[in-house]
Amino acid sequence: MIDDKERRLREIVRGYGRCIVAFSGGVDSALVVAIAARELGDDALAVTGVSPSLPRSERESAADFARIVGARHELLDTHELDDPNYASNPANRCYFCKSELYGRLQRVAATGNYGTIADGLNYDDLAEMRHGRRAADEVGVRSPLAEAELTKDDVRTLARRLGLDVWDKPAAACLSSRFPTGTAITLELLERVEAAERSLADAGLREYRVRHHGDVARIEVPVEAMAAVLERREEILAGVRAAGYRFVSLDLGGYVRGGVAAAATPGNSVIDLVTMT
């Protein structure tokens, strides 16, 4: 089954001719980049949108990956934070982000005579309501993973089989996802969250989120990683407080996709790691 899906994926990508891949750095779009580089060579271009909502570590890892797989790669400045529709952080924030990205990619495509823009949407993603998908549909972005019916598990399986070192990379999301809907997003707050999360990475954690709640930083990690957080408690506290938070809490509910919204769900618990002095 996976062999058939891989063959289909390669056929789809070959059919694009000259192609731009919107490359976020995650495993899904990384697989598309790798396949496009192998099937299209220099006719494929991976482009990573760069803005304050993209952690520097993700930008660097995207560039490293592209170099390893031999893909042409460019960084493209995007300015979604300048759009009040985005910065006000409505429930459909991702629509305005992707509209900005795809609009700029269209201009790159026109300049370079690229006939297709592709993304990393997989088959499972089709079942979820995604505001960013609406923006993609409006400009005709193709999703080769979904078209080849590759699920999330399929993507990781195929990426591992192809020797891609991102095959087990934890899911990532832009830094703006750390803020509750309706909390205005600013450059200063994005930098604060990024600095706070850097302290978790420096402590050796691989999967984490720092959710912003005013003066409170709510840390989410998988349940099995909570002991590691407590073992490095003082180091993490120092780092998160240095980023600008007065209170630091560990969410006993563990890491949950969309965890800012989930914080209001009955049953979620939080343990304070530090109290105000």
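The following is a conversation about pockets, helices, aromatic pairs and single residues in a predicted model.

Colleague: How many residues line the second largest pocket, and which lie closest to its centre?
Modeller: The second largest pocket of this predicted model holds about 510 Å³ of space. Helix H3 (56-69) and helix H9 (187-202) each supply at least two residues of its lining. The lining has 20 residues, and the closest to the centre of the pocket are Ser57, Glu58, Ala201, Arg206 and Tyr208.

Colleague: By class, how many nonpolar, polar and charged residues does the lining of the second largest pocket have?
Modeller: The classes are counted over the 20 residues that line the second largest pocket, with tyrosine placed among the nonpolar residues and glycine among the polar ones. On that basis the lining has 8 nonpolar, 2 polar and 10 charged residues.

Colleague: How many cavities of 30 Å³ or more does the structure hold, and which elements give two or more residues to the lining of the largest cavity?
Modeller: The structure holds 1 cavity of 30 Å³ or more, and about 40 Å³ of space lies in the largest cavity. Its lining consists of Val21, Val33, Ala36, Ala37, Gly41, Ala44, Leu45, Ala46, Ala71 and Arg72, which divide by class into 8 nonpolar, 1 polar and 1 charged residues. The elements that give two or more residues to this lining are H2 and E2.

Colleague: What span should helix H5 have, and how far apart are its end C-alpha atoms?
Modeller: Helix H5 covers residues 93-112, and because its 20 residues are taken at 1.5 Å a residue, the helix should span 28 Å. The model agrees with that expectation, for the end C-alpha atoms of H5 are 29 Å apart.

Colleague: Which residues of H5 are buried, and what covers them?
Modeller: A residue counts as buried when its relative accessible area is under 20%. In H5 this holds for Arg93, Tyr95, Phe96, Cys97, Glu100, Leu101, Tyr102, Gly103, Leu105, Ala109 and Gly112. What covers these buried residues includes strand E1 (19-22), strand E2 (44-50), strand E3 (72-77), helix H4 (84-87), strand E4 (116-118) and helix H6 (131-138).

Colleague: How many aromatic pairs does a search of the whole structure find, and what parts does the pair of Phe23 and Phe65 tie together?
Modeller: The search finds 2 aromatic pairs, and in one of them Phe23 and Phe65 are tilted, at 5.8 Å centre to centre with 50 degrees between the planes. Phe23 lies in the loop between E1 and helix H2 (27-40) and Phe65 in helix H3, so the pair ties together parts that are 42 residues apart in sequence. Phe23 is buried, with a relative accessible area of 1%, and Phe65 is buried at 4%.

Colleague: Which aromatic pair is edge-to-face?
Modeller: The angle between the planes decides this, since planes over 60 degrees apart count as edge-to-face. One pair has 80 degrees between its planes and 5.3 Å centre to centre, and both of its residues are buried. That edge-to-face pair is Tyr95 and Phe96.

Colleague: Is Arg192 buried or exposed, and which residues does it touch?
Modeller: Arg192 has its place in helix H9, and its relative accessibility is 15%, so Arg192 counts as buried. Leaving aside residues up to four places away in sequence, Arg192 touches His212, Gly214, Ala243, Gly244 and Tyr245.

Colleague: Where is Gly204, and how far apart in space are Gly204 and Arg161?
Modeller: Gly204 has its place in the loop between H9 and strand E5 (209-213), and at 56% relative accessibility it counts as exposed. Gly204 and Arg161 are 43 residues apart in sequence, and from C-alpha to C-alpha they are 26 Å apart in space.

Colleague: What phi does Asn113 have, although it is not a glycine, and what phi does Glu149 have?
Modeller: Most residues other than glycine have a negative phi. Asn113 lies in the loop between H5 and E4 and counts as exposed at 60% relative accessibility, whereas Glu149 lies in the loop between helix H7 (144-147) and helix H8 (152-161) and counts as partly exposed at 41%. Asn113 has a positive phi of about 60 degrees, and Glu149 likewise has a positive phi of about 60 degrees.

Terms used
Residues are numbered from 1 along each chain as its sequence is written. This is a predicted model: local features need pLDDT of at least 70, side-chain atom pairs count only at pLDDT 80 or more; totals for chains, interfaces and linings use all residues. Side-chain values use heavy atoms; hydrogens and water are left out. On a 1 Å grid over the protein atoms alone, a cavity is a set of points where a 1.4 Å probe fits but cannot get out, and a pocket is an open set with protein on both sides within 12 Å along at least five of seven lines; lining residues have an atom within 4 Å of a point. Grid points are joined across faces, edges and corners, and a volume is the space filled by probe spheres set on the points. Helices (H or I, at least four residues) and strands (E, at least two) are DSSP runs, numbered from the N terminus. The expected span of a helix is 1.5 Å times one less than its number of residues. Buried means under 20% relative accessible area, exposed over 50%, partly exposed in between (1.4 Å probe, protein chains only). Contact means heavy atoms within 4.5 Å. Rings of Phe, Tyr and Trp (its six-membered ring) pair if their centres lie within 6.5 Å; planes under 30 degrees apart count as stacked, over 60 as edge-to-face and the rest as tilted.
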